[in-house]
Amino acid sequence: MPFKLSDLKEHNSELLKLLTQQLPDMLWVKDLNGKYLYANKAICDGLLMAKDTDEPIGKGDVFFALRERESHSDKPNWHTFGELCFNSDQVVIENGEAMKFEEYGNVKGELLYLEVYKAPFYDVDGKTIGTVGAGRDITNLKKIQLDLEKNLKILDEQREQLEYQANHDSLTDLPNRVLFMDRLQQSINLAQRYDNKVAVLFIDLDHFKEINDSLGHGVGDKVLIEVSRRIKNQMRKSDTLSRLGGDEFCIILNDIIDIEDMSDIISGGMEILKKPIEIDGHTLYIGMSIGVSVYPSDGNSASTLLKNADAAMYKAKGDGRNTYCFYDEAMTERAFERVFLETALRKALEEDELVVYFQPQIDAKENKLVGMEALVRWEHPTMGFIYPDKFIPLAEITGMIVELDRIVMKKALTQFKKWDKAGLNPGKLALNLAIKQIEEDDFIEFVENILDCEECSYKNIEFELTENQIMNNPEASIETLQKLSDLGISIAIDDFGTGYSSLAYLKRLPINKLKIDRSFIKDLPQDADDTAITKTIISLCSSLNLKVIAEGVETEEQKNFILKNGCQFIQGYYYSRPLSIEDMTKFLTNKDTN
């Protein structure tokens, strides 16, 4: 309803006063400047501390706030509400609509909460000329609300604490059996969805009962805490360590790909317990027996996997303790073979057991030698010759590949230079290069030093990298390979066609040659798919102005097909197996490739 402001100021009727002055709710009317046009008794007494209902007229909240502060200067908390309230009048005017607020402030030194409703009112032209308001003291209600919220928060914290205690071991703070089984089932569900493996490690400390019996449970508890701390520090973030009770622990290993993943983690866990534990002046040596089960081969449910891991653990104890067993005995054999092989390989690097063989690379069109690939062999004193497919993946996983590569480079270059100096024209030497090698900061420096030391021409050297290795980090690979190319060294991509290289990256790589993988050669020319792939790779090389060589050529048919379709460089048993230094010397001397 529109008003004239002058009418409102002049005609505060007796009826209005009768209706509002005795009400407990605060009622008021203000102009655009926040000056009171009307105030009932409740707001005058409860907030403004006005002498009567006429005093607020023409004045604002600040007037009463300052007056109260001055008259109670000895009481810092003594305010009137107007000094601390929100700027809600202006908000209502700007929004042009009725609004609800919760306002609070100190009144007579005590915190007061108000539930406030405000609305604009207008003149005959629709122009806002002020605000009307009503407020109700909700301090007691607010106190009940705040107390309730506080109590609910306490209850939530207590519930969370009880839930945590129900799912965690009180001694080690690790997940207990209940939470472990839940997480294991979740891991199984994810592994099923993404076709992954999950491993369960059931750990039992060896002779722990003797510690409790001889030194007391207090020392035993400290041992359990220290063991759990050590194991947890060695684990991946994606895995779960749990204490099932007593001296039994369990680990969930997620995203397992092969036996090497598990063996490394198990070996690392056992290694950390080789160091003695110092407890209350006692030096203790703790061993552990570990049983391993793997989803899905050893079970499809959490309970089955746990039961089978437990059974495997008891087998480990029966085998002499301080060891581990898989539920699948074949996996145990593979795991121990892998550990044995790793130890033996480290020894092989130290005791110079690696030898280099050379496989000729032939220009089939001209029927002449154009180079050779250096291939490593391991001459073990008791196991005999071990081929690269047995130990190169292990060397890559353990980080030994960098040292191994450099040993092979050194040996191959030394012999290659001898042939060159003898006038045997060995052509170009191809050296396999692991991606970890080119990630080493000193790699380029190492290459320069060794080539200069052996007085080898850079243009006679070719490095081979597999397609997948390069694609793991193409940007970094491009940078390092470009430095090699700038030195005059050739770059070849090995096993081409078996990976997922992008043609966009292929154009940017400073490569000189592609090597067709033997898997596409072995069924030529009968297999239609291999025929199409081989022709495509040869055509691609022609388009990109790259050399192409086929490896694994063993038959006359394969050789003729390759040569007929535009690939004249061949490596394979058709011409020669990998040769020892002595046999390669004879090959170079003879030069008969027919």
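A nonpolar core is a set of buried Ala, Val, Leu, Ile, Met, Phe, Trp, Tyr and Cys residues joined through side-chain atoms within 4.5 Å. The legends below describe close-up views of a predicted model.

**View 1. The largest nonpolar core and the surroundings of Phe463.** In the predicted model, the largest nonpolar core has 82 residues, and those with the most contacts inside it are Leu404, Leu429, Phe463 and Leu484. Helix H14 (residues 401–421) contributes the largest share of this core, namely 9 residues. When neighbours within four places in sequence are left aside, Phe463 is in contact with Met409, Leu431, Leu433, Val447, Leu484, Ile489, Ser490, Ile491 and Ala492. Another core, of 33 residues, lies apart from this one, and Leu201, Leu205, Leu224 and Ile272 are among its residues.

**View 2. Aromatic pairs involving Phe63 and Trp378.** A search of the whole structure finds 8 aromatic pairs. One of them is formed by Phe63 and Phe64, which are arranged edge-to-face with 5.0 Å from centre to centre and 90 degrees between the planes. The two residues of this pair are not alike in burial, because Phe63, at 36% relative accessibility, counts as partly exposed, whereas Phe64 is buried with a relative accessible area of 0%. Trp378 and Phe391 also form an edge-to-face pair, with 5.6 Å between the centres and 85 degrees between the planes. Trp378 lies in strand E14 (residues 368–380) and Phe391 in helix H13 (residues 388–398), so this pair ties together parts that are 13 residues apart in sequence. Trp378 counts as buried at 0% relative accessibility, and Phe391 counts as buried at 0% as well.

**View 3. Charged ends over the rings of Phe63 and Phe446.** The ring of Phe63, a residue also found in the edge-to-face pair with Phe64, has the charged end of Lys59 sitting over it, 5.5 Å from the ring centre. In the second part of this view, the charged end of Arg406 sits over the ring of Phe446, at 4.4 Å from its centre.

**View 4. Helix H20 and the residues at its ends.** Helix H20 (residues 528–543) has 16 residues and reaches 22 Å from its first C-alpha to its last, close to the 22 Å expected at 1.5 Å a residue. At the start of H20, a side-chain oxygen of Asp527 comes to within 3.0 Å of the backbone nitrogen of Asp529. The buried residues of the helix are Asp530, Thr531, Thr534, Ile537, Ile538, Leu540 and Cys541. H20 is followed by Asn545, whose phi is positive, near 60 degrees.

**View 5. Cis peptide bonds at Pro296 and Pro525.** The peptide bond from Tyr295 to Pro296 is cis, with omega near 5 degrees, and Pro296 is found in the loop between strand E11 (287–295) and helix H11 (302–318). The peptide bond from Leu524 to Pro525 is likewise cis, with omega near -5 degrees, and Pro525 is found in the loop between strand E19 (513–516) and H20.

**View 6. Positive phi at Asp255 and Glu455.** Asp255, a residue other than glycine, has a positive phi, near 55 degrees. Its place is in strand E8 (residues 248–256), and Asp255 is partly exposed, with a relative accessible area of 47%. Glu455 is also a residue other than glycine with a positive phi, near 55 degrees, and the place of Glu455 is in the loop between helix H16 (443–453) and strand E17 (461–466).

Definitions and conventions: Residues numbered from 1 in each chain as written. Predicted model: local features only at pLDDT ≥ 70, side-chain atom pairs only at ≥ 80, totals over all residues. Heavy atoms only, no water. Phe/Tyr/Trp six-rings, centres within 6.5 Å; stacked < 30°, edge-to-face > 60°. Buried < 20%, exposed > 50% of the residue type's maximum accessible area, 1.4 Å probe, protein only. Helix = DSSP H or I, 4+ residues; strand = E, 2+ residues; numbered from the N terminus. Lys NZ or Arg CZ within 6 Å of the ring centre and 35° of its normal. Expected span 1.5 Å × (residues − 1). Polar contact = N/O pair within 3.5 Å; in protein donor to acceptor, adjacent residues only side chain to side chain. Contact = heavy atoms within 4.5 Å.
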